[in-house]
Amino acid sequence: MPELPEVETVRRALLSKLKGRQIKEITILHNNVFQDQDVELVKKLIKNQTINDILRRGKWLEFELDDFYLLSHLRMEGKYIYRKLDDPIQKHQLVLFNIDDDFSLRYQDVRKFGKMYLVKKDDINNSPINKLGLEPWDKNLNVLYLKDKYKNKSLPIKTVLLDQEIITGIGNIYADEILFLSKINPFKKAKDLKNKDLQNIIDNTKKVLEKAIEEGGTTIRSYTSEEGVTGNNQNNLYVHQREGKECFVCKTIIKKDRIGGRGTYYCKKCQK
DNA sequence: CAGGTCTCCTGCTAGC
DNA sequence: TGCTAGCAGGAGACCT
């Protein structure tokens, strides 16, 4: 499941192949990808737009075109692959981009959870990314900011870390890792955290995500940044997906519980 | 406003 | 061996 480090890895890979290239046309095989947008209009507007840059906000990719941003969220299983123009369309390939009449960039998504959104550059502040909270490296992310955001949150910190409107980019894997390194029990209410805990969350969020980016992301289930390219960060996980195994720090058996409907892994002894 | 539940979607796996 | 029920989960809709 792509979180910030995986999306960042995909962004870099896409940018190296697509920067300066032109989208001759697109084929949309599954209308729901564009949610409530008029797909005929999207097809018309995107024709002959050049990909000038590819940016990232949280878990969203932003293709910067001439007049628009094409926003793309991979959700659980979304990925981009390259094919020859005449390559047969495979199941799960939902959007096809003809790039310079040279090759076909294909958005593939087994579960069809991923979303795209074509927005005029001027309207970017009126798009899904407008609501996103701070990037982990934003200088405004500090104890005071979190204290304010968490003050009315009675939900478990695990759930609140997944709230994209506070810190953006953290998903289920890295939330578990951040809480382990911060020695915080995932059930603890966000509003009960001490300043020291908040500072630890900030520091460890950056640390965990930076390490994961360095490793090209975490490959659990089906994540690949490019076809045949998998990340290595799964080898660095302290608790996530390690149910029944020993904690690397204290040898206590790692426990798995459900918090807010999400599988949550933690060490009962290290995380108080 | 806060928070709980449902929904989307399909491949995989545990269990019979 | 082959079938099926249940699980996985990011984020938005909808309800209390």
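In this predicted model, a polar side-chain atom of glutamine 164 lies 3.3 Å from a phosphate oxygen of DNA strand C. A phosphate oxygen of DNA strand C is also found 3.2 Å from a polar side-chain atom of lysine 59, while arginine 262 places an N or O atom of its side chain 2.8 Å from a base nitrogen of this strand. The briefing below takes up the surroundings of the two DNA strands and then the packing of three helices against helix 6.

**Surface near DNA strand C**

- Strand 10 (255-259) and strand 11 (262-266) are the elements that give two or more residues to the surface near DNA strand C.
- There are 14 residues around DNA strand C, and of these His73, Arg75, Arg111, Arg258 and Arg262 come nearest.
- Of the atoms of DNA strand C that come within 4 Å of the protein, 64% are accounted for by sugar and phosphate.
- Divided by class, the residues of the surface near DNA strand C comprise seven charged, four polar and three nonpolar.

**Surface near DNA strand B**

- The surroundings of DNA strand B are formed by Asn32, Lys91, His92, Val110, Arg111, Lys112, Phe113, Asn152, Lys153, Ser154 and Leu155, and this surface has four charged, four polar and three nonpolar residues.
- Sugar or phosphate contributes 71% of the atoms of DNA strand B within 4 Å of the protein, and the rest belong to bases.
- Two residues approach phosphate oxygens of DNA strand B: histidine 92 with a polar side-chain atom at 3.0 Å, and serine 154 with a backbone N or O atom at 2.5 Å.
- Arginine 111, which is among the residues that come nearest to DNA strand C, has a polar backbone atom 3.2 Å from a sugar or linking oxygen of DNA strand B.

**Helix 3 against helix 6**

- Helix 3 (residues 143-150) packs with helix 6 (residues 195-214) at an angle of about 110°, their axes being 9 Å apart; the two helices are therefore roughly perpendicular to each other.
- The crossing of helix 3 and helix 6 is right-handed, and the contact is made by Val143, Leu146, Lys147 and Tyr150 on the side of helix 3 and by Asn195, Leu198, Gln199, Ile201 and Ile202 on the side of helix 6.
- By class, this contact of helix 3 with helix 6 has six nonpolar residues, together with two polar and one charged.

**Helix 5 against helix 6**

- The axes of helix 5 (residues 172-181) and helix 6 come within 9 Å and cross at roughly 130°, and the two helices are therefore oblique to each other.
- In a right-handed crossing of helix 6 by helix 5, Tyr174, Glu177, Ile178 and Leu181 of helix 5 meet Ile201, Asn204, Thr205, Val208, Leu209 and Ala212 of helix 6.
- The contact of helix 5 with helix 6 has seven nonpolar, two polar and one charged residues by class.
- Ile201 of helix 6 takes part both in the contact with helix 3 and in the contact with helix 5.

**Helix 1 against helix 6**

- Helix 1 (residues 4-18) and helix 6 have axes that come within 8 Å and cross at roughly 35°, and helix 1 likewise passes helix 6 in a right-handed crossing.
- Leu4, Pro5, Glu8, Thr9 and Arg12 of helix 1 meet Leu209, Ala212 and Ile213 of helix 6, and the residues of this contact divide into five nonpolar, one polar and two charged.
- Leu209 and Ala212 of helix 6 meet residues of helix 1 and also residues of helix 5.

Key:
Residues numbered from 1 in each chain as written. Chains lettered and ligands numbered in written order. Predicted model: local features only at pLDDT ≥ 70, side-chain atom pairs only at ≥ 80, totals over all residues. Heavy atoms only, no water. Axes fitted to C-alpha atoms, helices over the stretch in contact; angles between N-to-C directions. Helix = DSSP H or I, 4+ residues; strand = E, 2+ residues; numbered from the N terminus. Parallel < 35°, antiparallel > 145°, perpendicular 65-115°, else oblique. Left-handed = near helix turned anticlockwise from the far one by under 90°. Contact = heavy atoms within 4.5 Å. Nonpolar A, V, L, I, M, F, W, Y, C, P; charged D, E, K, R; others polar. Near = heavy atom within 4 Å. Polar contact = N/O pair within 3.5 Å; in protein donor to acceptor, adjacent residues only side chain to side chain.
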